[in-house]
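Let's take a walk through a protein together. Have a look at the picture first, and then we will begin with one strand and work outwards.

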Amino acid sequence: MTGLHDRHRAVIPDWVALYYQRPIEITHGEGRHVWDADGNRYLDFFGGILTTMTAHALPEVTKAVSEQAGRIIHSSTLYLNRPMVELAERVATLSGIPDARVFFTTSGTEANDTALMLATGYRGSNQILAMRNSYHGRSFSAVSITGNRGWSPTSLSPLQTLYVHGGVRTRGPYAQLSDAQFIEACVADLEDILGQTRGGIAALIAEPVQGVGGFTSPPDGLYAAFREVLGRHGILWISDEVQTGWGRTGDHFWGWQAHAESGPPDLLTFAKGIGNGMSIGGVVARAEIMNSLDANSISTFGGSPVTMAAGAANLSYLLEHDLQGNARRVGGLLIERLRAIGAGVASVREVRGRGLMIGIELVKPGTDEANPEAATAVLEAAREGGLLIGKGGGHNTSVLRIAPPLSLTVAEAEEGAAILERALHSV
Ligand code: PMP
């Protein structure tokens with residue numbers, strides 16, 4: 001009988017990435033663990049690429065979803081929808097954006113696509129600034145602002161995108177600079193781009209911590225300095241919080257708050273963890289920007305009651321159990337532990353991150369050269385040891401990515417770190 005992997009290959013496009021030489025079929029999960037079809041249990045340090053925000057099979061979410069599904073799954077976006085309005089009210093307040101309006105979508109991609117439509121329309125320009133090494137989704141416009149070439153499968157952009165320095169500083173001349181010098185150089189680069197541009201620029205879009213790019217954070221002060229320059233030109237700031245939202249970074253509820261000197265962004269996009277696996281994305285913006293579209297526009301499934309019920313229950317759990325605080329505490333312990341482990345492994349160049357968003361960058365020992373082979377080997381070894389992690393990074397995906405559900409316990413953090421230590425030493 002043909003296995004599921006062969007059947008997958010026969011019918012699913014080649015460009016759909018799959019992890020592991022023998023890909024895993026996950027059948028169920030509970031808390032911070034998942035099980036595969038062969039009955040193996042794994043500690044989940046990747047949470048379905050950050051979609052499982054609180055915990056797998058969280059009873060509160062399951063109950064809310066099944067109760068809502070038993071009433072009605074979907075009717076039409078054209079009727080009033082209580083679960084959508086109620087969640088929008090909470091997200092608007094939490095966003096920190098004054099006079100906020102919320103538009104729900106089905107994914108992060110659709111959220112960013114909508115943000116781009118809003119920003120370009122509002123500013124009357126299709127010129128967008130994006131960060132090098134960024135990832136913003138897979139629609140035609142989202143790949144057009146994705147600086148990470150490994151995830152940008154077409155170069156036929158419908159937007160005029162200009163890439164700004166600031167996303168990565170691990171290599172090249174920028175790596176030698178102090179934070180202050182780096183910020184100065186990036187601001188000069190931005191001003192140079194603005195000076196060469198004909199007509200206005202609509203917006204700059206940035207991830208507060210680059211996700212797919214390998215969990216890299218800009219130095220404190222960079223985004224504030226950018227916003228000071230952009231503000232003089234009326235250029236909007238879009239914060240892509242698809243990975244950094246909802247307390248994942250520990251110290252802050254949103255990633256932009258780590259750069260809060262210049263206030264909330266003009267537009268904020270979110271997705272992933274809010275639905276705990278249900279497909280919710282969205283955009284938040286000031287009314288003046290959000291209401292600037294002058295024709296009808298709906299997303300048939302955006303704001304669907306079942307996903308909204310999941311989002312509401314998940315958000316309540318997150319807030320009531322202070323999972324942001326847990327991300328700060330347990331993430332802080334985990335990063336310390338991983339740094340200690342990394343210090344004893346020649347191929348570990350850096351262990352970095354905020355909260356429960358931790359990256360381990362691997363290089364060829366004694367060099368600064370990316371080591372994607374080692375990253376793949378560690379991923380495989382960790383899986384054999386019962387731990388799921390992710391991979392990322394602009395330099396041939398040589399960064400291990402750790403982003404467990406935010407309810408991770410100290411004991412589980414210790415257990416995962418021990419498995420990773422063995423995996424790192426085995427390759
Ligand atoms: N923005 C960021 C920062 C992301 O990490 C992702 C997904 N990895 C997206 C947007 C796209 O989200 P989705 O896959 O839900 O379309």
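**From one strand to the whole protein**

In strand β9 (residues 267-270), Leu267 and Thr269 point one way, Leu268 and Phe270 point the other way, and all of them are buried. Keep in mind as you look that this is a predicted model.

Now see what lies beside β9. Strand β8 (residues 236-240) runs parallel to β9, and 3 bridges join the two. One place to find this pairing is Asp240, whose bridge partner in β9 is Thr269. With strand β10 (residues 281-286), β9 pairs in the antiparallel sense, over 4 bridges. Here Leu267 stands opposite Ala285 of β10.

Let's step back to the sheet. These strands belong to an open sheet of 7 strands with mixed pairing, in the order β4-β10-β9-β8-β7-β5-β6. Which strands stand at the edges? They are β4 (100-105) and β6 (160-164); each has a single partner strand, so one side of each is left without a neighbour in the sheet. Neighbouring strands are also turned against each other, by 20° on average if direction is ignored. Further along that order, strand β5 (residues 127-131) and strand β7 (residues 203-206) run parallel and are joined by 3 bridges. Ile128, for example, has Ala203 in β7 as its bridge partner.

Some of these residues turn up again in the core. In soluble globular proteins, nonpolar side chains tend to be buried together. The largest nonpolar core here has 116 residues, and among the members that touch the most others are Leu267, Ala203 and Leu204. Helix α10 (residues 305-320) gives the most to this core, with 9 residues. Where does the core lie with respect to domain 1 and domain 2? Both domain 1 (4-57 + 322-425) and domain 2 (61-321) give residues to it, so the core lies between them. For a closer look, try Leu204: leaving aside residues up to four places away in sequence, it touches Leu129, Val164, Phe226, Leu230, Ile235, Trp237 and Ile238.

Finally, take in the whole protein. Its secondary structure comes to 13 helices and 15 strands, and 53% of its 427 residues count as buried. Among contacts with a separation of 6 or more, 75% are between residues 24 or more positions apart. The C-alpha atoms fill a box of roughly 60 × 55 × 45 Å along the principal axes. The radius of gyration is 21 Å, which agrees with the value near 22 Å for a compact globule of 427 residues.

Definitions and conventions: Residues numbered from 1 in each chain as written. Predicted model: local features only at pLDDT ≥ 70, side-chain atom pairs only at ≥ 80, totals over all residues. Pairing = 2+ DSSP bridges. Axes fitted to C-alpha atoms, helices over the stretch in contact; angles between N-to-C directions. Core = buried A, V, L, I, M, F, W, Y, C linked by C-beta atoms within 7 Å. Buried ≥ 20, exposed ≤ 12 C-beta atoms within 10 Å, placed from the backbone. Domains from an automatic or database assignment. Contact = placed C-beta atoms within 7 Å. Rg over C-alpha atoms; globule rule 2.2 N^0.38 Å.
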